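Here is a short note for a colleague coming to this structure without prior acquaintance. Please keep the sequence and the model in view while reading the numbered points.

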Amino acid sequence: MQPQRIIDFHHHGGGTAPADYLRQLVPQAQHWNIHKIVMLGLEWPGITMSSRNRDILACWKGEPGLVVPFAALDMQKSSDPAQVDALREQGFVGLKFIRPPVPYHDERFYPWYDRAQQLKMPCLFHLGIVARLPEWEGHRTDSNLMRPIHLDTIARSFPGLTLVGAHLGNPWYEEAAMSCRWNPNLYFDLSGSTLKRMRPEAIGELLWWGGTTYPAYRDRLGRSAWEKILFGSDVNAPDIGDVIGDYNRLVETLELPSELVDAIFYRTGASLLEAAGLTMS
Ligand SMILES: [Zn+2]
C-alpha cells in the first residue's frame with residue numbers, strides 16, 4: 001500500500017548545486033506524491049555539503065510551492081535573537097539545530113528559542129549519534145550534547161514552540177519516546193538508520209500510548225503516539241522511495257489504521273506547517 005500523500009519533514013540540499021538538485025528532486029516528488037519538502041540548512045565552519053542556508057533559499061526560490069526552507073544557526077556563535085528575525089525576513093519558515101558546544105537545553109540558547117516561539121517558527125534538532133564528517137576530524141564532537149531529554153526541558157520552557165527531534169534520538173529511543181508522550185509540542189521523525197536496524201515491533205513497543213492496548217493513555221490533546229511521528233527521508237532524492245518503503249513496512253507490520261498512516265506521512269506535518277503560517281495546497 002502506498003501512502004496517498006506525503007510531506008517530507010527532513011531533507012537536505014543534496015550533493016550538487018541547487019538548480020541541479022531540483023532537477024532530481026521534483027520528479028521524485030511527483031512520483032511519490034510529496035506535497036512539501038522541508039529542506040534544512042546546515043552551517044558550520046568548513047562545511048563541505050551543498051546544504052548551506054543560501055543553497056536552501058535557492059531551492060525554495062526555484063520551487064516555492066514544494067520546498068519549505070528551514071535555516072541553520074551556527075551554535076558555536078552567539079545566540080542573538082536578531083539572527084532569527086533576519087532569517088525569517090529572508091523567507092525561512094523554521095530553524096535547524098545541530099552540534100552544539102553545550103547541551104541543547106543550555107540557557108545560552110534560550111533567546112533563539114524564545115524568538116522562534118514568538119515568530120511561530122518550528123525548530124528541528126538533530127538528535128543522538130552524529131555523522132563523522134571530514135571537516136570535523138580532530139575537532140571535539142560530543143553526541144551526548146544532543147540527547148532527546150534536552151528537548152523535554154526546552155518543550156516545557158517554551159510551551160508555544162514546536163519542536164521536532166530527528167532520528168527518534170538514535171540510540172536514546174526510550175528518552176525520545178517518553179519525552180514525546182509528555183510534551184504536546186514535541187514531535188519526532190524516524191529518519192536515519194533506525195528503520196533499518198530496529199524491528200517494527202520494537203518501535204511499536206516504544207510508541208505504545210493511545211493504541212489498542214492502552215487507549216486511555218492518550219496525550220493531553222487526545223492523540224496517540226503515532227500522531228506525533230513525522231515522515232522524514234534525510235537522503236538524497238533518488239533514495240526517497242527506499243525510506244518510504246521502510247516507513248511502509250513499519251505501518252503495515254504494526255497494522256496501523258489508515259488515519260494514523262496518513263497522520264505520519266502527511267497530516268501531522270501539514271498541521272505543523274499550517275501553524276507556522278503556510279497554506280497547504
Ligand atoms: Zn539530517
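1. The model is a predicted one, and a convenient place to enter it is a pair of helices, H3 and H4, where H3 passes H4 in a right-handed crossing. Helix H3 covers residues 81-90 and helix H4 covers residues 110-118, and the two pack with their axes 8 Å apart at an angle of about 40°. That angle makes H3 oblique to H4, because angles under 35 degrees would count as roughly parallel. On the H3 side the contact involves Pro-81, Val-84 and Asp-85, which meet Pro-111, Trp-112, Asp-114, Arg-115 and Ala-116 in H4.

2. Turning to the sheet, the model has an open sheet of eight strands, paired in the parallel sense and ordered S1-S2-S3-S4-S5-S6-S7-S8. Its edge strands are S1 and S8 (229-230), each of which pairs on one side only.

3. Strand S1 (residues 6-11) is joined to S2 by four bridges in the parallel sense, and within this pairing Ile-6 stands opposite Ile-34 in S2. Between these two strands the chain passes through helix H1 (residues 18-32), and the resulting β-α-β crossover is right-handed.

4. Strand S2, made up of residues 34-40, is mostly covered, with six of its seven residues buried. S2 also pairs with strand S3 (residues 67-72), again in the parallel sense and over four bridges, and here Ile-37 stands opposite Val-67 in S3. The chain makes its way from S2 to S3 through helix H2 (residues 53-62), in a β-α-β crossover that is right-handed.

5. Strand S3 in turn runs parallel to strand S4 (residues 94-97), to which three bridges join it, and Ala-72 stands opposite Lys-96 in S4. Helix H2 packs on the sheet, where it touches S2 and S3, and the direction of H2 makes about 165° with that of S3.

6. Is helix H2 mostly covered or mostly exposed? Seven of the ten residues of H2 are buried, so the helix is mostly covered by the criterion of 20 or more other C-beta atoms within 10 Å. The buried residues are Asn-53, Asp-55, Ile-56, Leu-57, Ala-58, Cys-59 and Trp-60, and they pack against H1, S2, S3 and H3. Among these partners is H3, the helix with which this note began, whose crossing with H4 is right-handed.

Definitions and conventions. Residues are numbered from 1 along each chain as its sequence is written. This is a predicted model: local features need pLDDT of at least 70, side-chain atom pairs count only at pLDDT 80 or more; totals for chains, interfaces and linings use all residues. A residue is buried if 20 or more other C-beta atoms lie within 10 Å of its own, exposed if 12 or fewer, and partly exposed in between; C-beta atoms are placed from the backbone. Two strands pair if DSSP finds at least two bridges between them. A crossover is right-handed if, with the strands pointing away from the viewer, the path from the first strand over the helix to the second runs clockwise. Axes are lines fitted to C-alpha atoms, for helices over the stretch in contact, and angles run from 0 to 180 degrees between N-to-C directions. Angles under 35 degrees count as roughly parallel, over 145 as roughly antiparallel, 65 to 115 as roughly perpendicular and the rest as oblique. A crossing is left-handed if the near helix is turned anticlockwise from the far one by less than a right angle, and right-handed if clockwise. Two residues are in contact if their C-beta atoms, placed from the backbone, lie within 7 Å.
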